[in-house]
Amino acid sequence: MIRASGLTLRRGTKVLLDNTEFVVHPGERVGIVGKNGAGKSSLFALLLGEIDQDAGELDIPQAWRLSHVKQDTLVGAQSAREFVIDGDTHLRHLQAQRAATSDEDGQRIAELESELTEAGHWTANSRAEQLLAGLGFTPTQWEQSIESFSGGWQVRLALARALMKPSDLLLLDEPTNHLDLDAMLWLEKWLQHYPGTVILISHDTEFLNAVARTILNFEAQKLIRYKGDYDSFLTQKAERIRQQQVAIDRQARETQRLQSFIDRFKAKATKAKQAQSRVKALARMQVLAPIKAEHSIDIKIPNPLNMPDPLMVMDKFSVGYGDKAILKNITLMLRGGGRIGVLGVNGAGKSTLIKTIAQELQPLSGEFRPSKGLSIGYFAQHQLDMLDMQATPLMHLQRIADPNIREQELRNYLGMFGFSGDVVNSPITPFSGGEKARLALSLVVWQKPNLLLLDEPSNHLDVETREALATALAEFEGSVLMVSHDRHLLRTTVDSFWIVADGTVAEFDGDLEDYQQWLANRQQQQKRDERDERSQQQSDNSINRKEQKRFEAEERQRKAALRKPLEKRLAVVEAQVEKNQMRIAEIDGFIADESFYSDERRDERVKLLEEHGTLTRETQSLEEEWMTLLEQIEEING
């Protein structure tokens, strides 16, 4: 296991961890959470041996093989597949030894062949291709040179390479950045079946819920361990805060009582000895650190001055680059106040659509009719690169604001995005990615646009800032057209969806769960089409219709026999999930009752909270089994 004791970690003069302890057991999937700047990336650097702790011990089993995603820019003509296989350094070492061994050394060749087989030499290509396909690469891209891919796709290649390496400990820092929803769902499933230990940093709460079964949270320069997924962590932390506040209140009353006794009796000889013991008791009493409510970011997006309806109309609209159309024949309308999420796999054309609506790209054909009074605020993925690293937040805003506006008004506005005090006059060079993203957003919405075009606005934001952004967008009275892989942000801010697929854009009648099912159905259909094509090619034209009917009847019977036990188990699982959910809801009712936290109900509270956690974990396991059963039934039907 990984064990830290007395661990102290500083970056410069800032203390990130102070005399903290934690353990990570073999096979655990651990999510690291905390505000931007808390020390998550520094903890990873420590685990990787890139920096040293300032005090204490951090023990990682020497025999553990470690894998992580390297952030280097990829250059060279090496193919994507070969680059991914390079992640298996042990296999590559054996292959190099085999190439350097003389054919006359039969014994050594035999040894190497055995070792190569054990290392997966003969399956390396297919394993790499499965990883590439899961992360969204098409077969034609497997042979492309790594330097031909854009930055986001290079990040995916680096992730595939890290997953290719056989490892006991896998470190992932924001692995869902640059992934679309289908690749993210694939990665969730891959990590759920990974046999080693996973430690991951993520601000995507739904991804953490799907993958993590333990949370380590940065709290007051400590790492506090919580059992369960992210939602369980929130429940436990809320309970921890309530219990701590009860202890603080109880201590305050006891301190007041002791002090009153001391003040009243310390001058009386008959009470002097007793008073002195009270003085010592007061001095010995451990002072609980008050719970400092973390100053959460409170983003406020100014509402638009006017709202035309409709805002824009696209009629047989085509977009792309040069003479190459990426999306064709788009016929859609965006109504005033519309809040739309744009879905689609990476590379389908989502960003191209947004750039064209933002008038950064010229349409190729068709009509784009913006309404009079349309005012666009465009937040692009490259927005952070356009910031002046030497300028301050105030200077950035002054450059786009009316020079007659008072400085205090500009300061007040920046305060709505979490920039106050001396920060507004500090160069942004040391700002975190989340702080830079907040500043970029504040500049985008300064002119009070009535349409926000947002392309991955939550990248680089920590959980608290993502929640603040979701709240701000929910309260915004203008229109929103947003591309995002953050499912929580989409659920809380948009009302409907457009789907980008098959070279066009259309309204999608459904929610995110329907979209996940749409993706699954699409993948199943693609597999069926491929099987049908192979079957057609291999079919023997001499088989007559009678034999074909007999074959089809036998196939139906075979499939029914295979489905029957699965469907029986599926019914059992569904019934148990429903039973568990009813009991969890009943316990939630107790938890919401203030009397639940009284001292008289302590034993009951401990028992119920333990039952709640057990039921939650059991239900999650059952739901995973339910999904697996459905997939198996679907595969049989296919």
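Which residues does UniProt list for "domain: ABC transporter"? The unreviewed UniProt entry gives two stretches under that name, residues 2-246 and 311-527. The views below come from a predicted model, so take them as a look at a computed structure.

**View 1. The stretch 311-527, one of the two listed for "domain: ABC transporter" in the unreviewed UniProt entry.**
Over these residues the chain is 34% helix and 26% strand. Pick out the C-alpha atoms at the two ends of the stretch and you'll find them 41 Å apart.

**View 2. S484, sitting in a loop between a strand and a helix.**
Strand β16 (479-483) comes before this loop, and helix α16 (487-493) follows it. Is S484 buried or exposed? With a relative accessibility of 8%, S484 counts as buried, because the cut-off for buried is under 20%. A polar atom of the S484 side chain lies 2.9 Å from the backbone nitrogen of D486. Leaving aside residues up to four places away in sequence, S484 touches E456, P457, S458, L489 and L490.

**View 3. The largest cavity, with a volume of about 80 Å³.**
Searching the whole structure turns up three cavities of 30 Å³ or more. For the largest cavity, which of the 13 lining residues are closest to the centre? They are L181, G344, K350, S484 and H485, so S484 from the previous view turns up again here. Sorted by class, the lining of this cavity has six nonpolar, four polar and three charged residues.

**View 4. R487, a buried residue in helix α16.**
The relative accessible area of R487 is 4%, which means it counts as buried. Its side chain makes a polar contact with the side chain of E188, at 2.4 Å. Not counting residues up to four places away in sequence, R487 touches L181, M184, L185, E188, D204, E206, F207, L512 and Q516. You've already met L181 as one of the residues closest to the centre of the largest cavity.

**View 5. L170 in strand β6.**
Strand β6 covers residues 169-173. L170 has a relative accessible area of 1%, so this residue is buried. What about H68? L170 and H68 are 102 residues apart in sequence, but their C-alpha atoms are 5.9 Å apart in space. Setting aside residues up to four places away in sequence, L170 touches S67, A162, L163, W190, L191, Y194, T197, V198 and I199.

Technical notes
Residues numbered from 1 in each chain as written. Predicted model: local features only at pLDDT ≥ 70, side-chain atom pairs only at ≥ 80, totals over all residues. Heavy atoms only, no water. Helix = DSSP H or I, 4+ residues; strand = E, 2+ residues; numbered from the N terminus. Buried < 20%, exposed > 50% of the residue type's maximum accessible area, 1.4 Å probe, protein only. Polar contact = N/O pair within 3.5 Å; in protein donor to acceptor, adjacent residues only side chain to side chain. Contact = heavy atoms within 4.5 Å. UniProt positions renumbered as here; feature names shortened; annotations may be inferred. 1 Å grid on protein atoms, 1.4 Å probe; cavity = no way out; pocket = protein on both sides within 12 Å on 5 of 7 lines; lining within 4 Å. Points joined across faces, edges and corners; volume = space filled by probe spheres on them. Nonpolar A, V, L, I, M, F, W, Y, C, P; charged D, E, K, R; others polar.
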